[in-house]
Every structure is written in C-alpha cells, then in structure tokens.
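Reader: I have a structure to read and hardly know where to begin. Could you take me through it, feature by feature?

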Amino acid sequence: MNRKYSFIHRFGLCLVLVSGQSFMAAPTYSQTPSTDSIHREASLSEVTVTSVVGAKRKVAGKGRSASIEEHLLQLGHVDMVRRGNYAWEPVVNSMATERVSTTIDGMKIFYACTDKMDPVTSYVESGNLQRIRLDSGLDGNPQATGNIGGSIDLKLRKAGFDAKSHAYNATMGYEANGHLQVYGADAAFSTDRFYSNVGAFYRHADNYKAGGHEEVEFSQFQKVNTFLNLGWQPVKNHIIEGTVIFDRATDVGYPALTMDVSDATGFISSLSYRREQLHGLFYRWETKAYYNHITHNMDDTHRPDVVIHMDMPGRSSTTGLYSLLQGSSANHQYQLNYDAYYNTLFADMTMYVKGAKPMYMLTWPDVGTLSQGLALTDDIQLAPHHTIHLSAKGAWQYRRINDDEGFRALSIYFPGMERTASDLTGRVAFSYAYRHNGWKLAVGTGYGSRTPSVTEAYGYFLNNTFDRYDYIGNPNLKHERAFELNGSLAWTSETVEASLEANTFFFQNYIIGTPDERLSPMTIGAEGVKVYHNLNDAQIINAAAVVNWQLTDWLSWHNRLTYSYGKENTGARLPMIAPLTYQGALKLFWKNLESEAGVQAVARNSHYGSKYGETPTAGYAIWHFNIGGHFQFGTVGTDIHLGVENLFDRHYSTYSDWNHIPQKGRNIYFNLSFQL
C-alpha cells in the first residue's frame with residue numbers, strides 16, 4: 001500500500017487520505033459545513049479514510065467491523081444518543097432526529113418506534129456503505145426536508161461498470177467486552193454493461209461491562225443485514241440501477257429504557273434511471289423510485305418485576321421518488337431536484353392487567369403524510385479565490401389522521417381539531433468563501449422552517465424515561481423557524497493546519513414538551529404529563545478549534561476542542577447540549593503499519609437542562625490505542641488490526657447517554673479482513 005498521505009482541508013475539517021485501490025476500503029466521509037457547500041465526496045475505489053481531523057476517536061482500525069454509529073462519530077458536528085448498545089440516535093449541531101434529515105441514497109425513511117429506538121442509520125451496514133455525506137445546518141442535501149440542524153445521507157456501495165471483473169471479501173471481528181462478534185462477506189461482479197454486488201453481515205453481542213467490571217444488563221443484541229445492488233447499461237450513458245436491503249435485529253436490549261425489542265425489521269428497495277453526458281443546460285439526470293417498510297416490536301417479557309406487561313408494536317411505510325438534474329454553465333455549477341413521498345406511521349400499545357381485560361391504546365393514530373419539494377443549488381466561482389453558494393427549497397406537506405379511534409382520542413384534548421392539515425415550509429442558505437495562500441475564510445447564513453413531527457403533533461401518552469413524563473402531541477403547533485449564522489477561518493502550511501469555526505441558531509416557535517398540571521399520566525410512576533408547545537425563542541451555539549501538526553514524515557499530532565451552548569427564552573438551559581470536549585491523538589505511519597494513541601477528555605456537564613429533567617454528568621478522560629496494517633500475499637490482500645478502547649477501564653457516562661447508562665469499560669478488539 002502506498003503510504004503517501006496528503007492533507008485536504010475545507011472549513012478546517014480535514015481528511016487524512018491514504019491512496020490505494022481496494023474494494024474493502026473503509027467508508028469515506030463527505031462533510032459540507034454550511035459555510036461552504038461545494039461538497040467533498042470521494043470514492044472508495046480511490047481513497048481509504050484513515051482518520052478525520054477532530055474525530056471523537058479513530059475507528060478505521062476496526063474497518064468494516066465498525067458500526068455505522070462509530071463511523072458517524074468520526075464526523076465533526078455529530079454526537080450520539082445512546083439508549084443501549086445498539087442503534088444510537090445521531091445528533092447534529094446539538095439537535096436530534098426531529099431537526100435532522102437522514103436519508104439512504106436520497107431515500108426518505110422514517111423510524112417505526114415511538115421511543116426512537118430504530119433510527120434510520122440502524123438499517124445500513126458498513127459492508128454496504130460507500131460514503132457518508134453530512135451537511136451542517138440549513139444547507140441540506142437536495143432530498144432533505146426540515147433539516148434545521150443538518151442532514152445525513154448514507155451513500156450505498158455500488159460496484160460500478162468497468163471495475164474488476166470479480167472481487168470477493170470477507171470480514172471478521174471480535175470485541176472482548178460483551179463478546180461482540182462480527183462476520184461479513186460480499187462479492188462484486190462488473191462488466192462494461194452490468195455490475196452487481198451482494199453481501200451479508202451478522203453481529204451478535206452479549207451484555208457488556210462498564211468500567212470496574214459492572215455488567216450492564218439488557219445490553220445484548222443480534223442482527224443480520226443482507227444487500228443487493230444491481231446496475232445495467234443497455235445503451236452507453238443510459239443506466240438502470242436497483243437496490244434491495246433486508247435488515248433484521250432481534251433480542252435487542254435497551255438498558256436505559258423499561259422495554260426491549262423482540263424484532264426490528266427493515267425492507268428497503270429502489271429502482272433508478274440515470275442519463276449521463278447530456279448536452280445543453282444539464283449534463284446529468286437521475287430519477288429514483290423507492291419503497292421501504294419498517295416494523296418494530298417492543299416488549300418487556302424478559303424484564304423482572306413488571307407491574308403491567310405491555311406490547312408496543314409500530315410500523316412505518318414510505319413510497320417516494322426524486323428526480324435530480326445537474327448542470328453547469330460558465331462559472332455556475334447547479335442542481336435542480338424534485339422529490340415526493342408518502343409515509344404512514346402507526347403504533348399502538350396493549351396492556352395486560354392480571355384479572356382484567358387487556359387495555360388498548362393508539363400511540364400513533366395511523367398518520368399519513370404526503371410531501372412534495374423542489375430544491376435548487378448553485379455554486380458560483382466569482383474569481384480564482386472567491387466562491388458563492390446558494391441553495392433554496394420549498395415543500396408542501398399534507399397530513400391526515402387515518403384512524404377514527406385515534407382521531408377521537410386526540411379530539412378529547414383538542415376540541416375542534418382538524419383531521420387533516422396542509423403546510424408550506426422552506427429553507428434558503430447563502431455562503432461566501434475566500435481561499436488564498438493557505439488561508440480560508442468562509443461565512444454563511446440561512447433561514448428555514450419545519451413542521452412538527454408526527455410525535456410532536458399527534459403522539460398520544462408516550463412515556464419518556466429520560467424525564468419520566470408522559471407526552472401528548474399538539475396538532476395546533478406552529479411551524480418551528482430558525483435563523484443560522486456560521487463562519488470559519490482556517491490556515492494551512494506544509495506542516496500545520498489550524499482552524500476556528502462556529503455556528504449559531506436563533507429559533508422562533510421552538511417545539512418542546514412542557515408540563516400540563518391538568519392532566520394525569522397513564523404510566524405507573526410517571527411524574528406527570530407534558531404537552532408539546534411552542535416557546536417564543538431559543539438559541540444554540542456550537543464552536544470548534546482544530547490544530548493538526550505534521551511533526552515528521554511518519555508522525556502527526558491532531559487536536560480538536562469543541563464547545564456548545566443552548567438556552568430557551570426564559571434563560572433555562574436546553575437539554576442534550578454537549579459540555580467542553582477535547583480530542584487528541586498521535587498518529588504514526590511506518591511502512592505498511594499505522595498506529596494511533598489518543599484521548600477524549602470531557603469537562604463536567606454543569607450547564608445542564610434541569611428544567612427538562614437533565615442531571616449533571618462528571619468529567620472524564622478516556623484513552624485508546626490501536627495498531628494495524630495492510631499486507632499483500634499474491635492476489636490476496638489482508639488487513640489486520642488490534643486495539644484497545646477505554647484503556648484504563650474508566651467508569652463513565654456521557655451527557656447524551658440516556659438515564660446515564662455507563663459506557664463500555666476496557667474493550668480489546670481484533671479484526672481481520674481478506675480481499676481477493
């Protein structure tokens with residue numbers, strides 16, 4: 001493997017790239033901070049990402065044994081909410097699912113669990129991941145809607161035409177803490193007119209142990225993921241592609257919640273047509289139709305001392321399409337995108353009381369959502385050192401409560417409510433960037449709105465174990481609106497890279513649950529009932545400083561310091577805002593080997609959202625070390641990696657660990673992969 005590496009910087013978020021040609025390469029990461037929306041994307045057939053400057057920690061040592069969540073944590077602006085050892089919820093710019101758009105290859109997919117135990121990212125495996133595109137803030141990707149905090153698009157791995165005629169890969173990984181086992185295999189075939197790649201991944205984990213050998217009960221899981229990607233080129237530059245993903249997780253424990261998951265199943269499919277090398281205003285056209293169905297079944301049958309046994313199934317179905325045109329003219333690079341989807345969300349709950357008939361309640365009343373949007377972006381090269389990026393999207397949304405019983409139940413609390421609702425939302429963003437002699441200055445702004453989520457508008461007595469309140473949606477909510485300002489300054493020399501970046505969001509009609517003393521909870525032990533309301537205003541600030549120093553040809557030092565702040569109009573702190581955090585790492589390259597020693601140090605979370613049930617978390621420092629390399633034996637390539645996380649077995653919880661469930665203690669891992 002060629003060890004030559006180069007630094008590529010944009011907004012002070014840098015990728016260290018190792019050149020190579022390998023179907024087994026780790027996923028690449030494409031980040032587009034809102035201050036510069038000329039997207040950075042790289043194909044796995046060209047580069048292998050070995051680290052991301054400012055990463056929470058390096059996971060490339062795990063290769064494709066790493067979970068999607070661990071790959072996401074390498075990106076700046078991203079954190080995770082953990083409710084267990086599986087399916088963490090992405091947080092972008094201190095904002096969670098309601099304010100973040102997550103798509104898979106541009107496809108809209110909606111989780112089927114009222115407790116957000118199955119985020120969209122849980123239905124893709126590393127073996128089928130080509131790259132991750134992250135857009136920070138209101139400048140989202142063309143298919144994104146309601147992305148105040150940002151948007152994530154998981155790009156699937158496609159073998160492509162005229163690649164290797166055939167390639168075979170196998171992966172195995174083991175982590176000692178929790179006895180996590182990972183097995184995967186895939187194959188790819190390619191000609192000038194046809195390609196396919198197919199694969200399967202299996203993960204199994206027992207309960208893990210926190211620092212000090214404390215077993216965290218109900219943290220086990222197992223899942224299988226299979227995928228098939230096909231491409232056919234009947235005529236040159238006319239391309240038809242199809243994708244099918246089947247993902248099923250069973251026996252998933254959630255130690256932070258009162259219920260576990262017996263089954264979470266996702267079926268995802270798409271069919272697209274792409275036309276390359278067009279003439280005129282546009283050079284590329286892609287149209288994709290897709291369908292996905294998610295089922296999610298919560299149960300508490302394996303929990304001890306259950307007062308009232310409950311079953312809580314949910315399902316989500318989405319049918320959609322998008323049509324994207326890309327073009328260029330003079331100094332303009334532009335895109336025009338139309339997208340539409342129809343989604344239905346249904347969830348209910350059955351409570352079994354000894355000696356009485358079961359009690360039944362709808363928690364999502366079969367809500368159907370039809371949405372259509374039109375997006376336009378334009379990158380303008382004003383002069384050799386000056387660029388401007390413009391983007392805008394408008395969307396129309398129609399919703400209907402399809403279930404009569406669910407509509408009548410909500411009408412008790414909101415007399416006169418309408419069964420249907422239609423809304424117009426949109427976003428606009430502008431950014432300017434100047435680059436010259438190693439300097440980069442970027443500033444940007446944006447304004448946008450979002451409609452309430454189904455939970456915020458129509459949820460019915462959903463228990464939140466974080467603050468121990470039952471929640472009721474509010475169909476009379478106003479649109480949440482946000483105004484964003486962002487900026488960055490970066491400098492790069494042959495040996496040093498340094499940058500400062502920050503963004504701030506000013507909210508109007510911020511949506512959050514507030515107590516209603518007139519209502520009584522349905523959940524035993526609940527503190528009360530909260531109903532979603534609009535706050536007059538709120539504010540979130542995120543800032544980061546990055547310094548990377550190439551000490552020698554074989555040694556580099558990477559540092560990142562981040563800070564976030566959030567408050568509402570009364571001055572109370574918003575929940576789930578990260579404390580001051582430092583990540584640092586020394587990286588060593590020698591022949592075919594690379595290693596890393598690093599630390600994540602987090603200050604005490606003293607500015608917590610006590611009004612919203614949040615409690616403080618202690619500061620901590622966690623060390624890690626890994627070493628690995630690539631070796632070629634004839635036509636067989638082999639990657640071997642060994643590492644240890646939480647080296648000193650620290651017992652700790654992060655600010656975003658639901659109910660302060662502890663993270664893993666010392667964890668030794670090993671992975672091995674083959675490419676033929």
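Author: Start with a pair of charged side chains. This is a predicted model. In it, Lys108 and Asp339 form a salt bridge, with their closest N and O atoms 3.5 Å apart.

Reader: Where along the chain do Lys108 and Asp339 sit?

Author: Lys108 is in strand 8, residues 107-108. Asp339 is in strand 21, residues 332-352. The two are 231 residues apart, so this pair links distant parts of the chain.

Reader: Is Lys108 buried or exposed?

Author: Use the cut-off. Buried means under 20% relative accessible area. Lys108 has 5%, so it counts as buried. Asp339 has 4%, so Asp339 is buried too.

Reader: Which residue meets Glu125 in a salt bridge?

Author: The partner is Lys223, at 3.9 Å from N to O. Glu125 lies in the loop between strand 8 and strand 9, while Lys223 lies in strand 16, residues 221-235. The pair therefore ties together parts that are 98 residues apart in sequence.

Reader: How accessible are Glu125 and Lys223?

Author: Glu125 has a relative accessible area of 3%, so it is buried. Lys223 has 5% and counts as buried.

Reader: Which salt bridge does Asp247 make?

Author: Asp247 also meets Lys223, at 2.8 Å from N to O. Asp247 lies in strand 17, residues 238-252, and Lys223 in strand 16. These parts are 24 residues apart in sequence, so the pair ties them together. Asp247 is buried, with a relative accessible area of 0%.

Reader: Which residues are linked in a network of salt bridges?

Author: Lys62, Glu70, Glu175, Glu645 and Lys664 are. Now widen the search to the whole structure. It finds 31 salt bridges.

Reader: How many positive and negative side chains does the protein chain have?

Author: Count 58 positive and 65 negative. Then compare where the two sets are centred. Their centres lie 4 Å apart.

Reader: Let me try a single residue. Where is Pro90 found?

Author: Pro90 is in strand 6, residues 89-92. Its relative accessible area is 6%, so Pro90 is buried.

Reader: Which residues is Pro90 in contact with, leaving aside its neighbours within four places in sequence?

Author: The list is Leu72, Asp79, Met80, Met95, Ala96, Thr97, Pro119, Thr121 and Ile152. You can also take a distance across the model. The C-alpha atoms of Pro90 and Gln233 are separated by 36 Å, and these residues are 143 apart along the chain.

Reader: Now the whole chain. How many helices and strands are there?

Author: The protein chain has 3 helices and 36 strands.

Reader: What radius of gyration would a compact globule have with 676 residues?

Author: It would be near 26 Å. The protein chain has 24 Å, which agrees. For the outline, picture a box along the principal axes. The C-alpha atoms fill roughly 70 × 60 × 50 Å.

Reader: What share of the residues is buried?

Author: Buried residues make up 59% of the 676. The accessible surface comes to about 26,500 Å². Carbon and sulfur atoms hold 60% of that surface.

Reader: What share of the contacts joins residues 24 or more positions apart?

Author: Take the contacts with a separation of 6 or more. Residues 24 or more positions apart account for 65% of them. Return to Lys108 and Asp339 as a salt-bridge example: they are 231 residues apart.

Note on methods
Residues are numbered from 1 along each chain as its sequence is written. This is a predicted model: local features need pLDDT of at least 70, side-chain atom pairs count only at pLDDT 80 or more; totals for chains, interfaces and linings use all residues. Side-chain values use heavy atoms; hydrogens and water are left out. Helices (H or I, at least four residues) and strands (E, at least two) are DSSP runs, numbered from the N terminus. The radius of gyration is taken over C-alpha atoms; the globule rule is 2.2 Å times the number of residues to the power 0.38. Buried means under 20% relative accessible area, exposed over 50%, partly exposed in between (1.4 Å probe, protein chains only). Contact means heavy atoms within 4.5 Å. Accessible areas come from the Shrake-Rupley method with a 1.4 Å probe; for residues, only the protein chains shown count as cover. Lys and Arg count as positive and Asp and Glu as negative; His and the chain ends are not counted. The place of a charge is taken as NZ of Lys, CZ of Arg, CG of Asp or CD of Glu. A salt bridge is a side-chain nitrogen of Lys or Arg within 4 Å of a carboxyl oxygen of Asp or Glu.
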